Each structure stands twice: as C-alpha cells, then as structure tokens.
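This report covers selected salt bridges and strand pairings. The structure is shown below, and the notes follow it.

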Amino acid sequence: MSLRRPLSLFASLLMLGGCGTESLEEGAAVGEARSALHTGIDLAAAEVGVTCVDGQVATVTGAIINEAPTGVDPSVAGIFAGDPAQGGTLLATVNVPWLVGKERYAFEVPVQVPEGAQQLFVVADSVNFFPEDSETNNTASVTLSAGGGCRVNQAPVALCQDVTVTADASCGASASIDNGSYDPDGFPQPLSRTYSPAGVYPVGTTPVTLTVSDGMDSATCSATVTVVDATAPVAGASKDLVLPRTPGADYKTVTLADCAQPAADTCGGTLDLQQAGTIVRVESDESEDALFSLALFKCKDIVLSADRKSAQLRAESSLLGNGRVYTVVYSVEDASGNATLGSCKVKVPSLQGILSVGVGPAYCQGEGCPANTGGGLLCPLL
C-alpha cells in the first residue's frame, strides 16, 4: 500500500470540474476574479542566487515558500532569462512538492544562460495554476554582470573618512570624504560618486553622505567635513588722530576705534575694533619727563585701560620738539582665533603747530616694549 499526501481543498474542488464555477462580470479580468476568492494560498519566490559553472552554464539557487498557514499542492516554478512579464525566455522549471504551512523548498538547477542576458527571474507557480491571495511576491530576480554571463553583479563598496580642510578666499572649501570606494567587478558602468550636500562647504563641521553607484547597485557611507578658517584678519589703516596740545598736558581718552579703521576678515567681514581689538602697547617718540613748558613736566603720559580697549594719552609735546607721536600697537582677532597686529598714530602738534612724522620710541607702556623705553630720568625719582 502506498501513502499519498491528500490534495488541498482548493485542488480537490478544481478536480471536481463543474462542482463550483465562478462567473465573471463582463469586462472583469481573470486575475481580479480569482484574487477575490481569498483562497488562503500564497506562494513566494525568494533567496535567488546564481553561480558560474562553465561558460554560459549557471547554477540557479533559491527557494519557493508557502507563505500561507495551510498546506498547498505541488506546483511548478519557472526560471527565466529576462522579465517574464516583458517576454523573458523560460530556461528551466522547478517541480515544487506539497508544502505545509510556512514550509520552504530550496532548489538548485543548472541552466544555459543566453548571450547578453542581464537578469534571471524565478517565478513561483509560473503556470498560474493557483489563484493566490497575493501575486506580488511570486517573482524574485538576480542581476548578472558582463563577461561570463552567469556572474552576479557585485555591488560597489563605499568607504568614507572625516576630513579637515582650510577655507579659501571665499571662506569655504571643496573636500572629498571618499576613502577609496571601489567597485569589485567594474560593471556595468564606471563607478560614480555623489555627495550630499555637495561642496563648497562653509567654515565649521558639515555631515556629508557619499553615494557610489555602478549603474545597477549603489552603496552609501557618511563622514564629516570640517572647514577651518586659518586666515588672519587685515588691520585697518591709521586714522592719524590729532590731539590739540593743551596748556595743562591733560589726559585724552583714545579708543581703538578713534585711532584705526576697522579690520577686514575673510570670513568675519568688517571687524569692530572695540570688540575684536586689544591694545598691546603704546609708544611715544618723546620721553615721559619731556619738558612741555619752561617750568613743568608731567609723568605717566600713557595709561592703558584695564580692558585694553582704550588709553589715556597726555595732550602734550616737548617744548623743544617738533610735535609728539604716539604709536598704538594692537591685536585684532577673528571668531576663529586668528589674530594679527596693527598700529595707528595719534599726534600732538608742537608749540608752533608742527605735526611730526615721529622718530624711534622713547617711552612705552604695555607688552613687548622696545629696550630703553621706560621712564625718563626724573619721573622714576618722584
């Protein structure tokens, strides 16, 4: 006695021929009427792969899966060169046995791949015997690469790395996060690279995604582009401020903005000296105890403010000189910490109204003063 699996209910109904017929409304498609039956049958093709055996001979592997919870009768799957929905060529069939609910049937079938074939398709229930609840999962495919005809196209590999670059004159920079991305088989097209967002990148850190594609498959990776502003600002010109000589050699407060034009920065634009500048030192071309009248001299001709944004300068010049020149040396720094030195002149005319062009420093207050520019002979004694 031989044991045989029972037929599914649906297959049994089909064999009864005439024990139940479905009527189609005029104009209705067959697939529409069949899918409306809700048969509980759902076959799927999956896990399709291919390996090269010899020349155009390939071994196609895959699985037919009974996605439904109940058993289904034996069926036939087809292996096609090209999409069967667009006239693909049937290369071989797979006889699928009875499958219980959720059972998977793996297969391995050699086929002769036609010249120029680019894809192989596996279609579950290729003869369309079973009306299924879903036909969307019946087909699975694999892409073939050029040359051997039975080699699968290998997806490209995307490799990224974080990069740091220096901003150019436009306060931006082009950069690539590609760290050697490649396509293992170079098929079917040369590897293309797309960056999102595309440069030029602004100062700061920007997350960037690289997508590489060989025309069929693609891969992505991400990294950061850091653009560093390494250009110091340019100090503005001196305003050549003139302080009228006063009889009492009075202090006059002079700010950096009074003394110099604003600085220009590649990325920061115009820099306000009261915010971005700091006085380093102030030099005078006349000594601290220079005689400014026949009987008097003053000390502490230069007094720097605590925040180094201004200085008090005596509006005096030597009685015997051709006018005094104060030189204010300052540092101006941009938002990225790049700094440069600038200088500006403040002039006090002589008793005769002459404006000197200045000589070497004789007196200085602040940092980095030249040698021998301390107090005069008399002031240190007071």
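## A buried salt-bridge network

R324 and E286 form a salt bridge, with their closest N and O atoms 3.0 Å apart. The pair links distant parts of the chain: R324 belongs to strand β21 (residues 324-333), while E286 sits in the loop between β18 (277-284) and β19 (302-304). In sequence, R324 and E286 are 38 residues apart. Both of these residues are buried. Through salt bridges that share partners, E286, D301, R314, E316 and R324 are joined into one network. The model is a predicted one, and the distances in this report are computed from it.

## Other salt bridges

Seven salt bridges turn up in a search of the whole structure. One of the pairs is R193 with D178, whose closest N and O atoms are 2.6 Å apart. R193 lies in strand β10 and D178 in the loop between β9 (172-173) and β10, so this salt bridge ties together parts that are 15 residues apart in sequence.

Which of the two partners is buried, and which is partly exposed? D178 counts as buried because its relative accessibility is 18%, under the 20% limit for that class. R193 has a relative accessible area of 38%, so this arginine is partly exposed.

A further salt bridge brings together the side chains of E283 and R281, at 3.0 Å from N to O. E283 is buried, as is R281.

## The sheet around β13

Four strands make up an open sheet with mixed pairing, in the order β8-β13-β12-β10. Its edge strands are β8 and β10 (192-196), each of which pairs on one side only. From one strand to the next, the twist averages 30°.

How do the neighbours of β13 run, parallel or antiparallel? Strand β8 (residues 163-166) pairs with β13 in the parallel sense, over four bridges. Within this pairing, V165 stands opposite V227 of β13. Strand β12 (residues 204-213) runs antiparallel to β13 and is joined to β13 by 10 bridges. Here V212 is opposite A219 of β13. The hairpin of β12 and β13 has four residues between the strands, and G215 in this hairpin takes a positive phi near 95°.

## The two faces of β13

In a regular strand, side chains alternate between the two faces of the sheet. Strand β13 (residues 218-228) has one covered face and one uncovered face. On the covered face are A219, C221, A223, V225 and V227. The uncovered face carries S218, T220, S222, T224, T226 and V228. Two residues of the covered face have already appeared above: V227, opposite V165, and A219, opposite V212.

## The β2-β5 pairing

How many residues of strand β2 are buried? Eight of the 10 residues in β2 (residues 57-66) are buried, and the strand is mostly covered. Strands β2 and β5 (residues 104-112) run antiparallel and are joined by nine bridges. One position in this pairing is I65, whose bridge partner in β5 is R104.

Methods
Residues numbered from 1 in each chain as written. Predicted model: local features only at pLDDT ≥ 70, side-chain atom pairs only at ≥ 80, totals over all residues. Heavy atoms only, no water. Buried < 20%, exposed > 50% of the residue type's maximum accessible area, 1.4 Å probe, protein only. Pairing = 2+ DSSP bridges. Axes fitted to C-alpha atoms, helices over the stretch in contact; angles between N-to-C directions. Salt bridge = Lys/Arg side-chain N within 4 Å of Asp/Glu carboxyl O.
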